[in-house]
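Work through the exercises below with the sequence and the structure open. Each task is followed by a solution in steps.

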2 protein chains.
Amino acid sequence: MRTVPRLQKDTVALYHALNELIRIYQFRDRDRICCHDISITQCHGLEGLVHHGPLMLNELADYLHLDKSTTSRVVDSLERKGYATRLVHPDDSRALELKATPAGIRLHQLIMDEILEEEEAVLSDLSVEVRRALPGVLRKLTQAAANRSKRPNVGCSSASAENQAIGAKK
Amino acid sequence: MRTVPRLQKDTVALYHALNELIRIYQFRDRDRICCHDISITQCHGLEGLVHHGPLMLNELADYLHLDKSTTSRVVDSLERKGYATRLVHPDDSRALELKATPAGIRLHQLIMDEILEEEEAVLSDLSVEVRRALPGVLRKLTQAAANRSKRPNVGCSSASAENQAIGAKK
DNA sequence: ATACTATAGTTGTCAGCTGCAACTATAGTA
DNA sequence: TACTATAGTTGCAGCTGACAACTATAGTAT
């Protein structure tokens with residue numbers, strides 16, 4: 001009889017904190033990334049290729065949570081800019097073997113360095129315990145959200161014609 | 001000689017956790033919100049009006065971190081759908097007094113209830129201490145990021161012509 | 001009062017991101 | 001040799017967002 005409202009309060013607080021965090025980080029990332037000849041989504045794609053080795057288009061699409069058509073265009077951009085290569089997969093002529101080029105790896109490293117330097121300044125303000133616990137907790141939140149969004153039609157019924165995208169710029 | 005690499009490791013872990021969290025939550029929010037006759041940005045705008053009373057357009061734009069022109073169009077949508085009103089400000093004929101309508105408040109409450117219910121399920125898995133600490137930590141991260149992004153040209157020099165937006169749909 | 005400047009919003013324009021549907025091509029199977 | 005499934009690509013339409021130009025009202029300095 002006391003924990004329930006407590007939990008609710010925590011939940012509301014978390015919701016707002018998360019909301020604002022996401023909004024802010026979108027902009028921070030855009031500022032950090034977009035000046036480097038690359039969009040946020042492209043950077044995420046590049047990151048996928050750098051960290052998870054050669055990928056097929058579908059795999060990259062899964063990683064990015066994007067449609068394969070959108071992903072294809074992301075790869076277009078990366079390829080055009082020389083940050084990724086699109087080769088026919090050795091084991092399956094239908095598939096692609098997407099890789100980051102040396103230039104792509106360098107660019108990714110550069111962006112990472114910049115972001116991490118900044119992040120470090122923030123993290124050094126936090127206590128060691130919190131700092132240590134944070135990634136795990138965030139992953140937990142992520143996991144929970146990911147599990148739910150896999151379910152079909154989670155809590156949705158009516159859909160409007162207008163509006164379906166997320167976005168921001170400056 | 002040992003804390004520095006430690007911090008770096010934490011930072012990298014945090015970076016990736018945050019990255020994925022943001023990506024996932026964008027989609028979760030879109031799924032939760034867009035089926036309700038409203039886009040995510042519109043929902044954020046509505047939330048601003050509901051929580052922070054009557055606002056002028058510029059204030060709402062600040063809240064949303066969006067250009068006033070974009071904000072104006074967000075308000076257009078909300079008004080058209082009957083979730084907000086746009087009146088001339090009583091103290092300044094140039095300005096607007098933006099308010100959520102009863103329908104807007106109801107819609108916002110409905111969406112909040114759905115999201116919070118889900119969030120509660122996640123939070124109840126976490127220890128009380130972590131749960132309690134989380135919003136504060138997130139706010140700290142947000143604050144730090146917000147402070148930095150206020151500075152002009154943070155770490156950026158060259159900007160490409162292509163790409164500057166964030167986005168996702170389904 | 002009369003400019004001059006600042007501020008609040010709106011609208012035109014342009015470009016990017018996305019998903020869906022349709023289509024091509026290769027694999028795998030019956 | 002069909003028939004079906006899978007990997008990608010492209011046409012298309014909608015939404016997001018910023019920037020710049022423009023209108024209108026406020027405030028300020030002659």
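**Exercise 1. Place A:Glu20 and A:Leu21 in chain A, and list what each one touches.**

Step 1. A:Glu20 sits in helix H1 of chain A, residues 3–34; helices (H or I, at least four residues) and strands (E, at least two) are DSSP runs, numbered from the N terminus. The model is predicted: local features need pLDDT of at least 70 and side-chain atom pairs count only at pLDDT 80 or more, while totals for chains, interfaces and linings use all residues. Residues are numbered from 1 along each chain as its sequence is written, chains are lettered from A and ligands numbered from 1 in the order in which they are written, and side-chain values use heavy atoms, with hydrogens and water left out.

Step 2. The relative accessible area of A:Glu20 is 25%, so A:Glu20 is partly exposed. Here buried means under 20% relative accessible area, exposed means over 50%, and partly exposed is in between (1.4 Å probe, protein chains only).

Step 3. Not counting residues up to four places away in sequence, A:Glu20 touches B:His65 and B:Thr142. Contact means heavy atoms within 4.5 Å.

Step 4. A:Leu21 also has its place in helix H1 of chain A. With a relative accessible area of 0%, A:Leu21 is buried. Not counting residues up to four places away in sequence, A:Leu21 touches B:Leu18, B:Leu138, B:Leu141 and B:Thr142.

**Exercise 2. What is the sign of phi at A:His65, and what is it at B:His65?**

Step 1. A:His65 is found in the loop between helix H3 (57–64) and helix H4 (68–80) of chain A. Phi of A:His65 is positive, near 60 degrees, and the residue is not a glycine.

Step 2. B:His65 lies in the loop between H3 and H4 of chain B. Its phi is about 60 degrees, again positive in a residue that is not a glycine.

Step 3. A:His65 is partly exposed, with a relative accessible area of 30%. B:His65 counts as partly exposed at 27% relative accessibility.

**Exercise 3. Describe how H2(B) packs against H3(B) and against H4(B).**

Step 1. Two packed helices are described by the angle between their axes and the distance between the axes. Axes are lines fitted to C-alpha atoms, for helices over the stretch in contact, and angles run from 0 to 180 degrees between N-to-C directions.

Step 2. H2(B), residues 40–51, and H3(B), residues 57–64, pack at an angle of about 120 degrees, and their axes are 10 Å apart. The two are therefore oblique to each other; angles under 35 degrees count as roughly parallel, over 145 as roughly antiparallel, 65 to 115 as roughly perpendicular and the rest as oblique.

Step 3. The crossing of H2(B) and H3(B) is right-handed. A crossing is right-handed if the near helix is turned clockwise from the far one by less than a right angle, and left-handed if anticlockwise.

Step 4. From H2(B), B:Thr41, B:His44, B:Gly45, B:Glu47, B:Gly48 and B:Leu49 meet B:Leu60, B:Tyr63 and B:Leu64 of H3(B). The residues in this contact of H2(B) with H3(B) are four nonpolar, four polar and one charged.

Step 5. H2(B) and H4(B), residues 68–80, cross at roughly 85 degrees, and their axes come within 10 Å. These two helices are therefore roughly perpendicular to each other. On the H2(B) side the contact is made by B:Thr41, B:Gln42, B:Gly45 and B:Leu46, and on the H4(B) side by B:Val74, B:Ser77 and B:Leu78.

**Exercise 4. Is B:His89 buried or exposed, and is B:His108 buried or exposed?**

Step 1. B:His89 lies in strand E1 of chain B, residues 84–89. Its relative accessible area is 19%, so B:His89 is buried. Leaving aside neighbours within four places in sequence, B:His89 is in contact with B:Met56, B:Ala95, B:Leu96 and B:Glu97.

Step 2. B:His108 lies in helix H5 of chain B, residues 102–123. B:His108 is buried, with a relative accessible area of 3%. Not counting residues up to four places away in sequence, B:His108 touches B:Leu46, B:Glu47, B:Val50 and B:His51.

**Exercise 5. How many disulfides does a search of the whole structure find?**

Step 1. A disulfide is a pair of cysteine sulfur atoms within 2.5 Å. The search finds zero disulfides over all chains.

Step 2. A:Cys43 counts as buried at 0% relative accessibility, and B:Cys43 counts as buried at 1%.

Definitions and conventions:
Ala, Val, Leu, Ile, Met, Phe, Trp, Tyr, Cys and Pro count as nonpolar, Asp, Glu, Lys and Arg as charged, and the others, Gly among them, as polar.
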